[in-house]
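Subject: Structure handover and notes

Dear colleague,

I am handing over the structure we spoke about, and my notes on it follow below. Please read them with the structure open beside you.

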Amino acid sequence: MRTSFVTSADGTRLRLAHWGDGARDMLIVHGLAEHAGRYEHVGAALAAAGWTATLVELRGHGHSGGKRGHVDRWSDYVHDLRAAAAGLRPGWSMLAHSMGGLVALDALQDGGVMPSRLALTNPLLGVAVALPGWKIGAAKLLSSILPSLPMKNEIDPSALSRDPAIGAAYLVDPLVFQTGTPRWYTEMVAALARVHAAGSWNTRMAVYVGGEDHITDPLANKAFAERTHAKLTVYPELRHELFNEIGKAEIIAEVLGWLGEEATCATG
């Protein structure tokens with residue numbers, strides 16, 4: 001893994017991780033509380049398949065600037081994607097997971113980020129985590145008066161994968177955090193509304209869903225894929241992090257296979 005830094009529109013310094021030196025560019029967008037180190041095996045697989053892969057650590061994540069788990073405006077994440085994509089070659093593709101999927105889709109609607117194709121793994125198009133009612137109410141109130149107050153995000157590490165080693169590593173990872181902020185929550189809700197209200201999509205998309213995902217909502221993800229005519233693949237027994245699941249090599253190969261086929265069609 002190689003690293004570099006770019007600056008987002010408001011001056012926030014963002015770290016990029018790079019794998020491979022292929023003829024095609026792929027931008028990876030991670031989920032909430034993640035960082036580049038959790039995608040080493042994905043980047044290596046992309047490099048082996050002939051891609052140049054770049055992962056952007058969004059503000060508040062990994063080694064990028066910003067408060068952990070906080071965003072003032074969801075559009076700040078969109079600007080982060082723009083900064084990361086600025087150096088990519090025409091015809092680049094995007095792979096986005098969970099929160100990164102919502103960021104990517106909002107960026108597509110914004111018009112400032114235009115990949116040729118987009119693969120989404122358990123995108124955040126609905127919340128399956130059981131949030132206490134008082135916490136939802138508090139987040140809405142505090143978004144205006146204490147927007148950056150850290151609050152536990154309710155993510156259960158055992159819900160990430162059937163492999164217990166994944167949850168155990170998540171708990172001790174110094175770059176992983178288990179908080180969010182009131183403003184992050186209200187901005188996420190607003191982004192969800194924008195994406196679900198969108199009438200048309202110009203990017204070829206594929207959606208990969210774990211049927212036993214209890215972090216994002218499988219039903220919402222399947223409904224989105226059907227509404228947008230995206231390629232839909234459901235793994236009935238799998239949990240949230242498809243690329244960290246038991247049998248992950250086959251899943252990664254399937255996703256990269258679709259991206260590779262699409263790239264061949266686009267260039268041929």
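Let me begin with a charged side chain and a ring: the charged end of R13 sits over the ring of F5, at 3.6 Å from the centre of that ring. Please keep in mind throughout that this is a predicted model, so that every value below is a computed one. A second arrangement of this kind involves R24, which lies over the face of W51 at 4.2 Å from the ring centre.

Aromatic pairs

Searching the whole structure for aromatic pairs gives three of them. One is formed by W201 and F224, whose rings meet edge-to-face, with 5.6 Å from centre to centre and 80° between the planes. This pair links distant parts of the chain, since W201 belongs to the loop between α6 (182-197) and β9 (204-210), while F224 belongs to helix α7 (residues 218-228), and the two are 23 residues apart. Are the two partners buried or exposed? W201 has a relative accessibility of 17% and therefore counts as buried, and F224, at 1% relative accessibility, counts as buried as well. Elsewhere, ring pairs join W74, Y77 and W184 into a cluster.

Helix packing

Two helix contacts deserve a description. Helix α2 (residues 74-85) packs with helix α3 (residues 99-110) at an angle of about 80°, and their axes are 9 Å apart. Because of that angle, α2 is roughly perpendicular to α3. On the α2 side the contact is made by W74, Y77, V78, L81 and R82, and on the α3 side by M99, L102, V103, A104, D106, A107 and D110. Sorted by class, this contact of α2 with α3 holds nine nonpolar and three charged residues, and no polar ones. W74 and Y77, which take part in this contact, are also members of the ring cluster with W184.

The other contact is between helix α4 (residues 133-145) and α6, which pack at an angle of about 105° with their axes 8 Å apart. Here too the angle makes α4 roughly perpendicular to α6. From α4, the residues I136, A139, K140, L142, S143 and S144 meet P182, R183, Y185 and T186 of α6. The contact of α4 with α6 is made up of five nonpolar, three polar and two charged residues.

Helix α6 also contains V189, which is partly exposed, with a relative accessible area of 38%. V189 and G126 are 63 residues apart in sequence, yet their C-alpha atoms are 9.2 Å apart in space.

Two buried strand residues

L120 is found in strand β6 (residues 117-121) and is buried, its relative accessible area being 0%. Which residues surround it, if those up to four places away in sequence are not counted? L120 touches A96, G101, L105, M205, A206, V207, Y208 and F224, and F224 is the residue that pairs with W201. From L120 to M94 there are 26 residues in sequence, and 8.5 Å in space from C-alpha to C-alpha.

H97 lies in strand β5 (residues 93-97) and is likewise buried, with a relative accessible area of 7%. Leaving out residues up to four places away in sequence, H97 touches V29, H30, G31, E34, Y39, T121, N122, H240 and E241.

Backbone points to check by eye

Two residues have a positive phi although neither is a glycine. For A33 the value is about 75°; this residue is placed in the loop between β3 (24-29) and α1 (40-48), and at 0% relative accessibility it counts as buried. For S98 the value is about 55°; S98 lies in the loop between β5 and α3, and its relative accessibility of 8% means that it, too, counts as buried.

With best regards

Notes: Residues numbered from 1 in each chain as written. Predicted model: local features only at pLDDT ≥ 70, side-chain atom pairs only at ≥ 80, totals over all residues. Heavy atoms only, no water. Axes fitted to C-alpha atoms, helices over the stretch in contact; angles between N-to-C directions. Helix = DSSP H or I, 4+ residues; strand = E, 2+ residues; numbered from the N terminus. Parallel < 35°, antiparallel > 145°, perpendicular 65-115°, else oblique. Contact = heavy atoms within 4.5 Å. Nonpolar A, V, L, I, M, F, W, Y, C, P; charged D, E, K, R; others polar. Phe/Tyr/Trp six-rings, centres within 6.5 Å; stacked < 30°, edge-to-face > 60°. Buried < 20%, exposed > 50% of the residue type's maximum accessible area, 1.4 Å probe, protein only. Lys NZ or Arg CZ within 6 Å of the ring centre and 35° of its normal.
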